[in-house]
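Trainee: I have a structure in front of me and would like to learn how to read its pockets, cores and strands. Could we go through them in turn?

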Amino acid sequence: MTDKDLTDHKFYHANEESQFAESAPEKTPQTEHPAYKLAFRDTDFLLRDELRPVRFQLELLKPEMLLDEARVGSTMVMYGSARIPSPEQAQATIDAAKDGSEWDQKVAANLAKKAKYYDEAHKLAKMVSDKAIIEDGKRQFVVCSGGGPSIMEAANRGASDAGSESIGLNIILPHEQAPNSYVTPYLSLNFHYFALRKMHFLLRARAVAVFPGGFGTFDEFFELLTLVQTGKMKPLPILLFGKEFWTRVVDFEAIAEEGTISKKDLDLFKWCETAEDAWKCIADFYDLEA
């Protein structure tokens, strides 16, 4: 066979080589042994401890390539609790705890009280998605969440209600964990390594909204503050929703008074209560139309 196409590959692609290997007619002890498998088709080999650096690289590359192919230029990242109910579920949360302990009832009431932030996350995601900002042929401020329930669901739902795609960066956990139904399927990405997932949250981020949350939200929020404070990352709008919650669980002023951060570090984030507050901060920062 003569191939005169100057632009074609002269070597077979990896998927073609895989098909050749699978269709080999002769089965022998040698060809059937795992050692004979092509390295990139050998799952047991790829999962060995020694291959951890390769798996790191794969988790860096796959999302990067898929987001590039989807023409995602920048993201609007939204962090927050996986436990806060939607306004529709708030009363059911309270009712479910009515026969429980006093502690259970108090927790349920506190969660239900924060249901308004589900609404604000939904509004912000829809508002940003409705703007449909395009620069350099790429979509800007594409909504990106952790892909889970509650505040994350609200973010993806808001984008979906605006008719826009949104990203979900899910992660494998020991307990059941699945993407919410509003994440765009081809932008629903799954991670093994928290470090790589957190990296992809911020690589394209041009604004970050942080809602009340638990350890995961604290981790992502404080790492972001550290990156900007230390100059490892350029400043961007960091929008902190729920002053009543945050000032109760973290005494930011006390940290500054103790001298372990500077007073000016408290300006790294902006307090917000509504989606409109958040978009105004973003618009002012980037000189966009409010």
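Mentor: We start with pockets, and keep in mind that this is a predicted model. The largest pocket has a volume of about 1,300 Å³.

Trainee: How many residues line the largest pocket, and which lie nearest its centre?

Mentor: The lining counts 38 residues, and S81, R83, G213, G214 and F215 are the ones nearest the centre.

Trainee: Which helices each supply at least two residues of that lining?

Mentor: Helix 6 (102–113), helix 7 (115–131), helix 9 (194–203), helix 10 (215–229) and helix 11 (243–249) each do so. By residue class, the lining of the largest pocket holds 18 nonpolar, 10 polar and 10 charged residues.

Trainee: What is the volume of the second largest pocket?

Mentor: About 340 Å³. It is lined by 13 residues, and A21, E22, T31, Y36 and K37 are the closest to its centre. Helix 1 (14–22) and helix 2 (29–32) each give at least two residues to this lining, with helix 1 supplying the largest share, three residues. In this second lining, six residues are charged, four nonpolar and three polar.

Trainee: Next, the cores. What is the general idea?

Mentor: In soluble globular proteins, nonpolar side chains tend to be buried together. Here, the largest nonpolar core has 35 residues, and V208 and F221 touch the most other members. Helix 10 provides the largest share of this core, four residues.

Trainee: Which residues does V208 touch, leaving aside those up to four places away in sequence?

Mentor: V208 touches M76, V77, Y79, L202, L224, L236, P237, I238 and L239. Another core lies apart from this one; it has 28 residues, including V143, I151, A207 and A278.

Trainee: Now the strands. Why is strand 7 described as largely enclosed by the rest of the structure?

Mentor: Look at burial, where a residue counts as buried under 20% relative accessible area. Strand 7 spans residues 205–210, and five of its six residues are buried, so the strand is largely enclosed by the rest of the structure.

Trainee: In which sense, parallel or antiparallel, does strand 7 pair with strand 1?

Mentor: Strand 1 (residues 75–79) and strand 7 pair in the parallel sense, over five bridges. In one of these pairings, Y79 has V210 of strand 7 as its bridge partner.

Trainee: How many bridges join strand 7 to strand 8?

Mentor: Three, and strand 7 and strand 8 (residues 238–241) run parallel. V208 stands opposite I238 of strand 8, and I238 is also among the residues that V208 touches.

How values were computed
Residues are numbered from 1 along each chain as its sequence is written. This is a predicted model: local features need pLDDT of at least 70, side-chain atom pairs count only at pLDDT 80 or more; totals for chains, interfaces and linings use all residues. Side-chain values use heavy atoms; hydrogens and water are left out. On a 1 Å grid over the protein atoms alone, a cavity is a set of points where a 1.4 Å probe fits but cannot get out, and a pocket is an open set with protein on both sides within 12 Å along at least five of seven lines; lining residues have an atom within 4 Å of a point. Grid points are joined across faces, edges and corners, and a volume is the space filled by probe spheres set on the points. Ala, Val, Leu, Ile, Met, Phe, Trp, Tyr, Cys and Pro count as nonpolar, Asp, Glu, Lys and Arg as charged, and the others, Gly among them, as polar. A nonpolar core is a set of buried Ala, Val, Leu, Ile, Met, Phe, Trp, Tyr and Cys residues joined through side-chain atoms within 4.5 Å. Buried means under 20% relative accessible area, exposed over 50%, partly exposed in between (1.4 Å probe, protein chains only). Contact means heavy atoms within 4.5 Å. Two strands pair if DSSP finds at least two bridges between them.
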